[in-house]
Amino acid sequence: MAELRWNPLLQTWTMVASNRQDRPQLPKDWCPFCPGSGKVPDHYEVHAYDNDFPALTLTPDQPDFPVKGLYQVAPNYGKCEVILYSSNHYGTLPSLSVDHIYKLLDLLAERYRVLAKDPKIKYIFQFENRGEEVGVTMPHPHGQIYAYPFVPQKLK
């Protein structure tokens, strides 16, 4: 289950997504982002991929618990996408050619334009995932896009 929970002390929403605990943890013998996995095209240079374990979704379920007083919850409306930088499992962003980086930037810009058309989306955050230190569960070179239904308080 995933939902938004209001934090009255910080005056902001927090994403709670227990479904993310089921995601693969650095598998050694298989990568869903590599060509031939059945999850992505067999041939690609850059690719946008709907996150299999999203914290935000365009078709959210209703929260498990109703709103009661101080504790408010809301559906986890939004979108989570994975942006694959390259079909090369061992590549890195700095190792990409300038032309390849232009293709990546074009894809990021296109995804931003599409997500920004949704009037319920209030903030779009694009970021790179790299390294176990930040919680990466897939070593394949990638970033993510989170499209929020609110502007995070620190950004306001």
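Colleague: What pattern does the protein chain follow, read along the sequence?
Modeller: This is a predicted model, in which local features need pLDDT of at least 70, side-chain atom pairs count only at pLDDT 80 or more, and totals for chains, interfaces and linings use all residues. Residues are numbered from 1 along each chain as its sequence is written, and side-chain values use heavy atoms, with hydrogens and water left out. The secondary structure comes to 1 helix and 7 strands, where helices (H or I, at least four residues) and strands (E, at least two) are DSSP runs numbered from the N terminus. Along the sequence, the pattern is β-β-β-β-β-α-β-β.

Colleague: Which element has the highest mean pLDDT?
Modeller: pLDDT is the predictor's confidence in each residue, from 0 to 100. The chain mean is 85, and 84% of residues reach 70 or more. Strand β2 (residues 12-17) has the lowest mean among the elements, 78. The highest, 97, belongs to helix α1 (residues 98-116).

Colleague: In what order do the 4 strands of the open sheet stand?
Modeller: Two strands pair if DSSP finds at least two bridges between them. β3 and β5 are joined by 4 bridges, β5 and β7 by 6, and β6 and β7 by 7. The pairing is antiparallel, and the order is β3-β5-β7-β6.

Colleague: Which strands stand at the edges, and why is one side of each left without a neighbour in the sheet?
Modeller: Neighbouring strands of this sheet are turned by 25° against each other on average, direction ignored. Each edge strand has a single partner strand, so one side lacks a neighbour in the sheet. The edge strands are β3 and β6.

Colleague: Which residue of β7 is the bridge partner of Cys 80?
Modeller: Cys 80 belongs to β5, on the side that also holds Val 82 and Leu 84. β5 and β7 run antiparallel. On the β6 pairing, Phe 125 stands opposite Tyr 146 in β7. Cys 80 has its bridge partner in β7 too: Tyr 146.

Colleague: How many residues of β5 are buried?
Modeller: Buried means under 20% relative accessible area, exposed over 50%, and partly exposed in between (1.4 Å probe, protein chains only). Lys 79, Glu 81 and Ile 83 are buried on one side of β5, and Cys 80, Val 82 and Leu 84 on the other. The strand is largely enclosed by the rest of the structure, because the buried count is 6 of 6.

Colleague: Which residues of β7 point the other way from His 142, Gln 144, Tyr 146 and Tyr 148?
Modeller: In a regular strand the side chains alternate between the two faces of the sheet. β7 (residues 142-148) is mostly covered, with 7 of its 7 residues buried. The residues pointing the other way are Gly 143, Ile 145 and Ala 147.

Colleague: What arc do the buried residues of α1 cover around the axis?
Modeller: The buried residues of α1 are His 100, Leu 104, Leu 107, Leu 108, Arg 111 and Leu 115. They lie on the same side of α1, because their arc, taken from the directions from the helix axis to the C-beta atoms, is only 95°. On the other side, Val 98, Asp 99, Tyr 102 and Asp 106 are exposed. The arc asked for is 95°.

Colleague: At what angle does α1 run to β5?
Modeller: Axes are lines fitted to C-alpha atoms, for helices over the stretch in contact, and angles run from 0 to 180 degrees between N-to-C directions. α1 lies across β3, β5, β6 and β7. These strands are included in what covers its buried residues. The angle to β5 is about 170°.

Colleague: Is Arg 111 of α1 buried or exposed?
Modeller: Contact means heavy atoms within 4.5 Å. Leaving aside neighbours within four places in sequence, Arg 111 is in contact with Ala 48, Lys 79, Glu 81, Ile 83 and Ile 145. Its relative accessibility is 15%, so Arg 111 counts as buried.

Colleague: How far apart in space are Tyr 49 and Leu 84?
Modeller: Tyr 49 lies in strand β3 and is buried, with a relative accessible area of 7%. Leaving aside neighbours within four places in sequence, its contacts include Glu 81 and Val 82. Tyr 49 and Leu 84 are 35 residues apart in sequence; C-alpha to C-alpha, the distance is 7.4 Å.
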